[in-house]
Amino acid sequence: MKRDASVAATRWWLRPRRLASRALLALGAALAAGGSIGVIAQFSLLEGVPAVWLALGGVALFVAAVELAALAIGGERDRRLERVLERDAELAQLSWRLDFALGVSKVGVWDVNLETDEMIWDERTRALFGAPNRNGFFNESDWIGAVHPEDRERAIEAARVAVDADGRFVQDYRVLLPDGTVRHLRDTAAVYLGEGGTRRLVGLVWDVTGDVERQAELELRRAEAEAAAVAKSRFLAMMSHEIRTPMTGVIGMLELMLTDPLSEAQRQRATVAHSSAHGLLRILNDILESSKLEAGRVERLDAPVDPRELLAEVTALMAAGAERKGLALSTDVAERVPATILTDAMRLRQILVNLLSNAAKFTEAGEVRVSMDYDAGARELAVEVADTGVGLGTADPGRLFEEFYQADSGAGARRGGTGLGLAITRQLVGLLGGRVSARSSAGGGAVFAFTIAAPAADAPFQPGAPARASSATPPQLRVLVAEDNATNQIVLRSYLARKGHAVTLVEDGVAAVRAAEAGGFDVVLMDVEMPRMDGARATRLIRELSGPAGSVPIVALTASALPGDRERYLAAGMTDFVPKPIDFALLDEALGRAASARADLLPDLGPAARAAAT
């Protein structure tokens, strides 16, 4: 067969496994320009490979026949060739992108033949393992030798499981480079079957040292923050104890003084001092409450609550202060508010007291009104506290609930306060699963509104039983008082004696145990912080005594304020808890409970003792 005269002298030799892109691109370009294949020459052999001559646009191409076998004559041949060229270009682009991405991210690629242990590391893998200039095959010992000795056993075991079991290898480990540098690597791989059924493990590895160091820094900062929170909590608890102890003397003495016959001027002075002492106590309590809420150490205790009765209690508590300022205090409860809801009564009461106190403080004339409603669908209790006071002014409503933020510096300075009340309110509302907001009232004043999650309770509300004792009719008890502070001794002795109790005083836990062992007491008032032996240790030793002496009611008297204090004292064997500064009404209630317990638990004391206990 004759060769076409247009065939030029230039020839490109193409072998089946060397698809020269230049020849294919030339062929495609010619076809796209309307060219055609001129002459097909006879087959010949080139190094044992069948081949054929093609003449195209004056260029002679020598193409391996195996590469042309897929090409049909005519238009179908052209379309197939175009698709081949497009696919080849796409693959080249993808290959370039992959290589570029791996290079930018510094991700190494490795491949190990599990039959021969021959391992291939690309240049990035070699750099990661400290062998950048080494070429050729690597093996398992090269990898093991680079892994940090402390991580080696774990990494080897993970690789063994991947090869023998699940086929997946994912590990973070350290490598020890030849210069002594330690780096953290993340290595992930999978087992697959190669040509001829050869099992191979192919993986990617990259440096995560920066991530590890950042995580370590975050953990350090978190630990420091937690340590600072604990230190803050302990500091506040210590300061609380140190402040509350002398305040017990101050408030107690003032309360005793107010029961004495005084002139009008003396009574006025004592009342002012008493009010100031309680104001200082409220500030201290706000600081401690904020600290506990901030540290997440306040838990909610849900129980069935009558919202109407709780609101009535709070308004009764606030009524005297409102009356002194000439303010009207009113409530409005919607009929759809359930008779009983499930929530933490103490926290809800605290929220209402905070908002009512805030409203009264910033209202000089007019009224404070509390409205209560209920959303049955959302199972939320909604409350609004509206006043006719100075309003919000230019204050940012969103910042009102931040710690130490004052709505107006002038008003804040005149009215005092720590700036913690509303911040505590926001935290308590959040604890009860709700939200709080503030806005100016259209008619003047301000409106503070909040909602809490409060499903209607199935169980009916059970009001607490009244205390067996009251300040009007105190039980006549034999009281052992363990208290090391001289001022508090005077306060407790004076108050208890006025109530008709027989009082024995001791100064530390050792003396308290000895006195209790001798017997003859109906109740022990046990200070917690005392020299030689603290109250918790003394209580445990008393509980080890036999007979009535070992079961005597023990009431903790403490100024400590760490979360869990009450639970710890009860776990030590104490039966009740009265915080300092001592509220005499709370003390009377505790003594009443102790008298009841003594009468019920110790029938062998005889009629006289039972009569004294009731």
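**Entry 1: terms and overall counts**

Helices (H or I, at least four residues) and strands (E, at least two) are DSSP runs, and I number them from the N terminus. The structure is a predicted model, in which local features need pLDDT of at least 70 and side-chain atom pairs count only at pLDDT 80 or more, while totals for chains, interfaces and linings use all residues. Residues are numbered from 1 along each chain as its sequence is written, and side-chain values use heavy atoms, with hydrogens and water left out.

I looked up the secondary structure first and found 18 helices and 22 strands. I then looked up burial, where buried means under 20% relative accessible area, exposed over 50%, and partly exposed in between (1.4 Å probe, protein chains only). Of the 614 residues in the protein, 40% are buried.

For contacts, I use heavy atoms within 4.5 Å. Among the contacts with a separation of 6 or more, 61% are between residues 24 or more positions apart. The protein exposes about 32,800 Å², of which carbon and sulfur atoms supply 55%; such areas come from the Shrake-Rupley method with a 1.4 Å probe, and for residues only the protein chains shown count as cover.

**Entry 2: helices H14 and H15**

Which residues of helix H14 are buried? In this helix, residues 509–518, I found Gly509, Val510, Ala512, Val513, Ala515 and Ala516. They pack against strands E18 (478–482), E19 (502–506) and E20 (523–527), and against helix H15 (535–543).

I looked at both ends of H14. At its start, a side-chain oxygen of Asp508 comes to within 3.1 Å of the backbone nitrogen of Val510. After the helix comes Gly519, with a positive phi near 85°.

I turned next to H15, where the buried residues are Gly535, Ala536, Ala538, Thr539, Leu541 and Ile542. Their cover includes H14, E20 and strand E21 (554–558). At the start of H15, a side-chain oxygen of Asp534 reaches to within 3.3 Å of the backbone nitrogen of Ala536.

**Entry 3: the second largest pocket**

For open spaces, I use a 1 Å grid over the protein atoms alone: a pocket is an open set of points with protein on both sides within 12 Å along at least five of seven lines, whereas a cavity is a set where a 1.4 Å probe fits but cannot get out; lining residues have an atom within 4 Å of a point. A volume is the space filled by probe spheres set on the points, which are joined across faces, edges and corners.

The second largest pocket holds about 350 Å³. I counted 18 residues in its lining, and the closest to its centre are Val112, Leu114, Glu140, Ala159 and Leu201. Two or more lining residues come from each of strand E6 (108–113), strand E7 (119–121), helix H5 (140–146), helix H6 (149–166) and strand E10 (199–207). Which element gives the most to this lining? H6 does, with 4 residues.

I also sorted the lining by kind, with Ala, Val, Leu, Ile, Met, Phe, Trp, Tyr, Cys and Pro as nonpolar, Asp, Glu, Lys and Arg as charged, and the others, Gly among them, as polar. The result is 12 nonpolar, 1 polar and 5 charged.

**Entry 4: single residues in helices**

Is Asp151 buried or exposed? Asp151, which I located in H6, counts as buried because its relative accessibility is 8%. Leaving aside neighbours within four places in sequence, I found Asp151 in contact with Tyr173 and Arg174.

Thr209 lies in helix H7 (residues 209–258). Its relative accessible area is 3%, so Thr209 is buried. Not counting residues up to four places away in sequence, Thr209 touches Arg183 and His184. The side chains of Thr209 and Arg183 are joined by a polar contact of 3.4 Å; this term means a pair of N or O atoms within 3.5 Å, where, within protein, one must be able to donate a hydrogen and the other to accept it, and residues adjacent in sequence count only if both atoms are side-chain atoms.

**Entry 5: loops**

I placed Gly130 in the loop between helix H4 (123–128) and H5. Gly130 is partly exposed, at 25% relative accessible area. It stands 16 residues from Ala146 in sequence and 7.9 Å from it in space, C-alpha to C-alpha.

I then looked up positive phi values outside glycine. Asp117, in the loop between E6 and E7, has phi near 65°. Arg379, in the loop between strand E14 (367–375) and strand E15 (380–387), has a phi of about 55°. Asp117 is partly exposed at 31%, and Arg379 is partly exposed at 49%.

Last, I noted a cis peptide bond between Lys580 and Pro581, with omega about -5°. Pro581 lies in the loop between strand E22 (576–579) and helix H17 (584–601).
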